[in-house]
Amino acid sequence: EFRALEPQGLLLYNGNAQGKDFLALTLLGGRAQLRFDTGSGPAVLTSSVPVEPGRWHRLELSRHWRRGTLSVDGETPVVGHSPSGTDGLNLDTDLFVGGVPADQASVVLERTSIRVGLRGCIRLLDVNNQRLELSSWQGAVTRSSGVGACGDHPCLPNPCLGGAPCRALEAGMFHCLCPPGRFGPTCGADKNPCEPNPCHGAAPCRVLPDGEATCECPQGRGGTTCQTASERDYSQPFLPDFNGFSYLELKGLHTFERDLGEKMALEVVFLARGPSGLLFYNGQRTDGKGDFVCLALRDRFLEFRYDLGKGAAVIRSKEPVALDTWTRVSLERSGRKGAMRVSDGPRVLGESPVPHTVLNLKEPLYIGGAPDFSKLARAAAVSSGFDGVIQLVSSKGHQLLNREHVVRSVEVSSFAHHPCTQASGHPCLHGASCLPREASYECLCPGGFSGPHCEQGLTEKSAGDVDALAFDGQTYVEYLNAVTESEKALQTSHFELSLRTEATQGLVLWSGKATERADYIALAIVDGRLQLAYDLGSQPVVLSSTVPVNTNRWLRVRAHREQREGSLQVGNEAPVTGSSPLGATQLDTDGALWLGGLEKLPTGQALPKAYSTGFVGCLRDVVVGRRPLQLLEDAVTKPGLRPCAA
């Protein structure tokens with residue numbers, strides 16, 4: 001039984017001073033390898049179980065004549081034979097454990113390709129059912145060099161080279177906090193194979209035990225460096241999993257919101273496994289001085305901190321956060337005043353010292369950790385990374401945490417225990433995308449399907465109805481909105497439709513009240529792109545698609561609102577998501593749904609001119625709630641409706 005600190009090294013060696021015979025047990029490239037030669041040539045057996053630095057492993061080997069077996073940690077034994085000829089193994093040197101003296105080094109290198117001894121510990125050595133008592137090894141050896149005692153604590157003696165700090169982990173593991181310029185499990189390497197990241201598209205890069213880099217390609221990418229692209233697959237979401245030493249680097253918050261200096265509204269959804277760690281940090285300077293904003297866990301309490309130049313505001317949650325449970329936290333700041341709300345708990349208020357009121361940020365946004373905690377602001381009071389999963393980091397309702405925004409990813413993996421990411425496949429059918437909603441999910445259906453899991457095909461049109469309805473910019477059609485059907489419907493809105501148009505502006509769908517500054521939800525084309533806009537009474541949310549719709553081709557559109565959360569998907573693009581500020585969760589309407597535009601927008605709505613323009617184009621396969629709309633039959637007003645030309 002042994003614990004290695006490096007992926008290479010000699011465990012055991014026994015040879016013949018005059019002949020070819022030898023037996024060697026080595027570590028090579030992070031795998032255990034048995035080599036023996038009975039005189040006719042070597043047998044080489046390599047285990048398939050990776051040897052992890054710092055973890056205890058149990059290794060068993062046997063040899064009978066020319067047949068050998070090797071097993072690590074109970075794996076099915078690897079079997080091999082030396083070439084036929086002589087069968088017996090004739091050994092006459094001493095048995096060397098952990099290395100060999102200088103006079104044997106060249107022979108061992110020639111026979112095993114290993115030039116270094118073991119860095120690590122051996123706690124059990126049993127040869128032919130005779131256990132060697134390692135606790136009193138000094139009395140059993142003929143000679144030794146540089147051998148010390150190993151304790152139960154993984155950091156004693158310190159396995160990290162150059163005196164780098166060692167942190168003990170579970171199961172006897174350790175983690176070396178390497179200084180700048182040193183890398184590897186024990187800081188033994190001077191070059192990081194993941195710097196610069198060789199993986200295309202900022203895919204996560206991980207260093208293997210043998211020191212090589214491997215790329216963890218997202219869906220839709222392949223190849224050794226994720227260099228090949230298949231058709232983009234948005235059905236599986238981005239759910240980054242952090243191990244306490246990982247982090248994501250994104251562009252700074254100030255690049256996403258122009259007025260972030262004066263005010264900000266952030267929302268974070270996470271699942272914590274550990275009690276402490278950094279959720280996000282954004283600063284002004286690389287030396288930790290100047291302004292900053294951060295959110296961290298400290299002994300299961302959330303701390304929202306920001307400094308505008310005269311000292312930090314510290315806003316701490318009233319209750320501890322439950323571990324292994326999805327938690328939603330909303331953060332607001334306006335000038336010096338800030339607020340935090342955890343799930344449905346009370347708002348906790350705080351403010352930074354006078355007189356400064358503007359937050360100045362220039363550095364990247366770090367999520368889940370940071371490359372060097374010593375270079376973060378001291379007032380942030382955080383020194384460790386987050387252990388858990390982060391599902392959402394949104395600014396004013398816009399999700400920032402997606403693959404396209406990632407500049408650098410270090411030791412980040414994908415969380416596989418959510419319904420949207422489970423190995424057996426997510427529950428959404430017919431190629432639908434799965435959108436995480438804390439522990440639950442929402443299915444974003446492709447054209448032609450509806451239902452909670454996109455399991456229902458759209459029903460056939462009734463006799464006499466039209467496949468597609470034409471709109472000329474003056475055609476406004478009123479329907480009774482399924483949003484009024486139940487109390488539950490006030491909390492959710494769901495619309496699906498297919499559209500074809502060449503127009504760059506126009507109101508496609510509207511539901512609200514005719515009174516001034518009332519609630520509404522709308523779909524409109526603005527500068528050739530589709531927008532979903534809604535206002536529940538606190539502040540409007542606008543989600544903008546990146547897909548041009550004025551192409552005169554049919555495109556499927558799906559818009560969904562669940563209380564304050566909204567999503568918009570056009571064609572095969574990734575869903576655009578967002579949420580309205582804290583406050584109301586239901587949409588109050590007068591029961592009418594309009595397609596094609598409105599005679600006159602309600603006054604007091606600060607909406608682009610495109611919303612006052614009628615839609616020119618064709619609509620078909622409209623779904624309201626979960627019910628297909630019969631475009632002619634269900635219409636309350638029928639102002640000369642005509643079918644759309646094929």
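**Domain contacts and strand pairing in a predicted model**

About 720 Å² of area is buried between domain 2 and domain 3, and carbon and sulfur atoms give 43% of it. On the domain 2 side, E267, G397 and H398 supply 45% of the area buried against domain 3, more than any other three residues. The contact draws on 10 residues from domain 2 and 8 residues from domain 3. Taken over C-alpha atoms, the centres of these two domains are separated by 34 Å. These values, like the others below, come from a predicted model.

It helps to step back to the whole chain. The chain is divided into domain 1 (2-132), domain 2 (240-414) and domain 3 (469-643). Its secondary structure comes to 2 helices and 51 strands. The C-alpha trace spans about 105 × 65 × 35 Å along its principal axes. Of the 646 residues, 48% count as buried. When contacts between residues at least 6 apart in sequence are taken together, 62% of them join residues at least 24 apart.

One residue worth a visit in the viewer is K396. This lysine is found in the loop between β31 (387-395) and β32 (398-399). K396 counts as partly exposed because its relative accessibility is 26%, a value between the limits of 20% for buried and 50% for exposed. Leaving aside neighbours within four places in sequence, K396 is in contact with E257, D259, K263, A265 and S579. A further long-range relationship involves G578, which is 182 residues from K396 along the chain, yet the C-alpha atoms of the two are separated by 7.4 Å.

Attention now turns to the nonpolar cores. In soluble globular proteins, nonpolar side chains tend to be buried together. Here, the largest nonpolar core has 38 residues, and the members that touch the most others are F270, L295, I367 and I390. Strand β22 (residues 263-272) gives the most to this core, with 5 residues. The surroundings of I390 can be listed in full: not counting residues up to four places away in sequence, I390 touches L239, P240, F242, V268, V269, F270, L279, I367, G368 and L401. A second, separate core holds 37 residues, including L469, I525, A559 and L587.

L469 also leads into the strand pairing around β50. Strand β39 (residues 468-472) runs antiparallel to strand β50 (residues 616-624), and 5 bridges join the two. Within this pairing, the bridge partner of L469 in β50 is L619. Strand β41 (residues 492-500) is likewise antiparallel to β50 and is joined to it by 5 bridges, with S498 standing opposite R620. A further antiparallel partner of β50 is strand β51 (residues 627-628), paired over 2 bridges. Here V623 stands opposite P628 in β51. The strands β50 and β51 form a hairpin with 2 residues between them, and G625 in the turn has a positive phi of about 65°.

At the other end of the sequence, a smaller piece of sheet can be followed strand by strand. An open sheet of 3 strands has the order β6-β1-β11, with antiparallel pairing. The edges are taken by β6 (56-57) and β11 (120-122); each has a single partner strand, so one side of each is left without a neighbour in the sheet. Strand β1 (residues 2-4) is joined to β11 by 3 bridges, and A4 has G120 as its bridge partner in β11.

Helix α1 (residues 102-112) completes the picture, and its buried residues are Q104, V108, R111 and T112. These four lie on the same side of α1 because they cover an arc of only 75° around the axis. The face turned away from that buried side carries the exposed residues A102, S106 and E110. Among the elements that cover the buried residues of α1 are β2 (9-15), β3 (22-28), β4 (31-37) and β10 (96-97). Just after the helix, S113 takes a positive phi of about 65°.

Conventions: Residues numbered from 1 in each chain as written. Predicted model: local features only at pLDDT ≥ 70, side-chain atom pairs only at ≥ 80, totals over all residues. Heavy atoms only, no water. Pairing = 2+ DSSP bridges. Buried < 20%, exposed > 50% of the residue type's maximum accessible area, 1.4 Å probe, protein only. Arc of directions from axis to C-beta. Contact = heavy atoms within 4.5 Å. Core = buried A, V, L, I, M, F, W, Y, C linked by side-chain atoms within 4.5 Å. Domains from an automatic or database assignment. Buried area = accessible area lost by both parts, 1.4 Å probe.
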